[in-house]
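Ready for some practice in reading a protein fold? Take a pencil, look at the picture, and try each exercise before you read its solution.

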Amino acid sequence: MTIRRAVPGDLRTVLGVLHSVADWLHREGIDQWREGSPSLGSAAVGRQIERGDFWLVGEYLNPVAVIALSTVGDADFWSPRDLADPAVYVSKAAVLRCAAGRGIGAMLLRWACDHAAAEGAVSVRLDVWKTNTELQDYYRRQGWQYYITVDAPGRNSGALFCRRAKADLEAREAFTLLEPVAVEAVTSAGEPPTHSEPDLE
């Protein structure tokens with residue numbers, strides 16, 4: 001598998017992965033990533049890509065997963081003391097169904113911890129949809145520690161998890177790091193492309 005930082009021309013591809021996973025969640029009766037959510041819109045995702053937050057995982061030139069990593073935490077969830085710590089914040093981690101069941105999601109999370117350590121972070125943090133207990137249990141199984149649940153007005157996420165940033169050679173070698181590539185810019189936000197059934201790992 002390959003991994004590279006997404007560029008603005010990847011917007012349509014990143015949106016396609018995220019919206020495919022959202023559609024699957026809804027078919028499973030999980031209300032995470034609701035239709036019309038601003039955080040999944042072209043503007044919000046585009047800004048994250050422009051900041052260099054998004055990473056795109058590929059297999060045989062096909063996109064199979066995305067993850068966003070930022071050194072800036074969400075002040076709705078994390079306290080000023082938390083935000084002062086050197087940390088990396090994970091968001092919008094998603095694996096397509098066609099690549100599910102092979103541990104890609106778990107290895108990608110380990111890669112994120114390795115990447116965070118290389119960037120000088122002490123911890124890696126994420127917030128999980130409060131009603132998605134299955135996903136919360138998944139993170140626990142992957143070694144993430146539950147921290148606290150925050151009820152922020154107008155926010156449906158808020159179950160906070162953290163893990164120590166540490167070097168992980170196996171995870172680093174699981175993905176071939178590619179340089180960002182020039183991708184033809186998307187001229188219209190339009191609808192994201194349709195993918196096969198997705199899954200979260």
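Below are three exercises on this predicted model, each with a worked solution.

**Exercise 1.** Find how many helices and strands the chain has, and write down their order.

*Solution.* Start by counting: there are six helices and eight strands. Next, walk along the sequence and note each element in turn, which gives β-α-α-β-β-α-β-α-β-α-β-β-α-β. Now turn to the overall form. The radius of gyration is 16 Å, and the globule rule gives 17 Å for 201 residues, so the chain is as compact as a globular protein of that length.

**Exercise 2.** Describe the extent of the chain, its burial and its contacts.

*Solution.* Begin with the C-alpha trace, which spans about 40 × 35 × 30 Å along its principal axes. Then look at burial: 48% of the 201 residues are buried, where buried means under 20% relative accessible area. On the outside, the chain exposes about 10400 Å², with 50% of it supplied by carbon and sulfur atoms. Finally, take the contacts with a separation of 6 or more: 73% of them are between residues 24 or more positions apart.

**Exercise 3.** Which residues line the largest cavity, and what classes do they belong to?

*Solution.* First, the structure holds one cavity of 30 Å³ or more. The space in the largest cavity is about 40 Å³. Its lining consists of Arg110, Cys113, Arg163, Arg164, Lys166 and Asp168. Helix H4 (104-118) and strand E7 (157-164) are the elements that each give two or more residues to this lining. Last, sort the lining by class: five residues are charged, one is nonpolar and none is polar.

Key: Residues numbered from 1 in each chain as written. Predicted model: local features only at pLDDT ≥ 70, side-chain atom pairs only at ≥ 80, totals over all residues. Heavy atoms only, no water. 1 Å grid on protein atoms, 1.4 Å probe; cavity = no way out; pocket = protein on both sides within 12 Å on 5 of 7 lines; lining within 4 Å. Points joined across faces, edges and corners; volume = space filled by probe spheres on them. Helix = DSSP H or I, 4+ residues; strand = E, 2+ residues; numbered from the N terminus. Nonpolar A, V, L, I, M, F, W, Y, C, P; charged D, E, K, R; others polar. Rg over C-alpha atoms; globule rule 2.2 N^0.38 Å. Buried < 20%, exposed > 50% of the residue type's maximum accessible area, 1.4 Å probe, protein only. Contact = heavy atoms within 4.5 Å. Areas by Shrake-Rupley, 256 points an atom, 1.4 Å probe, with all protein chains shown as cover.
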